[in-house]
Amino acid sequence: MGAVPHLSVHDLRVAAPSGRCLLALDALEVAPGTALGIAGPSGAGKSTLLYALAGLTERTAGQVRWGETELFALPEAGRAAFRA
């Protein structure tokens, strides 16, 4: 099993089909081995954030980088392979 990569997020935006902003995150840096909790009320974007970090969202702008891999630069099949 390889090393856990550093997570780096910049200018992440996820929009609903209507164009409404569901999530806006300017920056997040998480070092390998760090435990991170996500809390907030219903509808705050917790699940949307997790889906975006996994490369599962559509209508996404910005950068989610796991180590040297820029997630949204990969095609859908590449993101699926990365998750596997």
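Is Leu36 buried or exposed? In this predicted model, Leu36 counts as exposed, because its relative accessibility is 51% and the term applies to values over 50%. The residue is found in the loop between β2 (21–30) and α1 (46–53). Leu36 also belongs to a nonpolar patch on the surface, which is formed together with Ile38, Leu50, Tyr51 and Leu56. The accessible area of these residues together is about 480 Å².

Salt bridges were examined next. A search of the whole structure finds 2 of them. In one, the side chains of Arg13 and Asp26 meet at a distance of 2.7 Å, N to O. Arg13 lies in strand β1 and Asp26 in strand β2, so this pair ties together parts that are 13 residues apart in sequence. Arg13 is partly exposed, with a relative accessible area of 30%, whereas Asp26 counts as exposed at 52% relative accessibility. The side chains of Glu58 and Arg59 also meet in a salt bridge, with an N to O distance of 3.6 Å. Glu58 has a relative accessibility of 58% and therefore counts as exposed, while Arg59, at 44%, counts as partly exposed.

Both Glu58 and Arg59 appear among the contacts of Ala15. Ala15 has its place in strand β1 (residues 7–15) and is partly exposed, with a relative accessible area of 22%. This value does not qualify as buried, because that term is kept for residues under 20%. When neighbours within four places in sequence are left aside, Ala15 is in contact with Arg20, Cys21 and Leu22 as well as with Glu58 and Arg59. The C-alpha atom of Ala15 is separated by 9.9 Å from that of Thr48, and these two residues are 33 residues apart along the chain.

Strand β1 also holds Ser8. Ser8 counts as buried, because its relative accessibility is 11% and the limit for this term is under 20%. The side chain of Ser8 takes part in polar contacts with two other side chains: that of His10, at 3.0 Å, and that of Glu29, at 2.9 Å. Glu29 is also listed among the residues in contact with Ser8 once neighbours within four places in sequence are left aside. The others in that list are Leu28, Gln63, Val64 and Arg65.

Definitions and conventions. Residues are numbered from 1 along each chain as its sequence is written. This is a predicted model: local features need pLDDT of at least 70, side-chain atom pairs count only at pLDDT 80 or more; totals for chains, interfaces and linings use all residues. Side-chain values use heavy atoms; hydrogens and water are left out. Patches are made of residues with over 30% relative accessible area and no salt bridge: like charges are joined within 9 Å, nonpolar side chains (Val, Leu, Ile, Met, Phe, Trp, Tyr) within 5 Å. Accessible areas come from the Shrake-Rupley method with a 1.4 Å probe; for residues, only the protein chains shown count as cover. A salt bridge is a side-chain nitrogen of Lys or Arg within 4 Å of a carboxyl oxygen of Asp or Glu. Helices (H or I, at least four residues) and strands (E, at least two) are DSSP runs, numbered from the N terminus. Buried means under 20% relative accessible area, exposed over 50%, partly exposed in between (1.4 Å probe, protein chains only). Contact means heavy atoms within 4.5 Å. A polar contact is a pair of N or O atoms within 3.5 Å; within protein, one must be able to donate a hydrogen and the other to accept it, and residues adjacent in sequence count only if both atoms are side-chain atoms.
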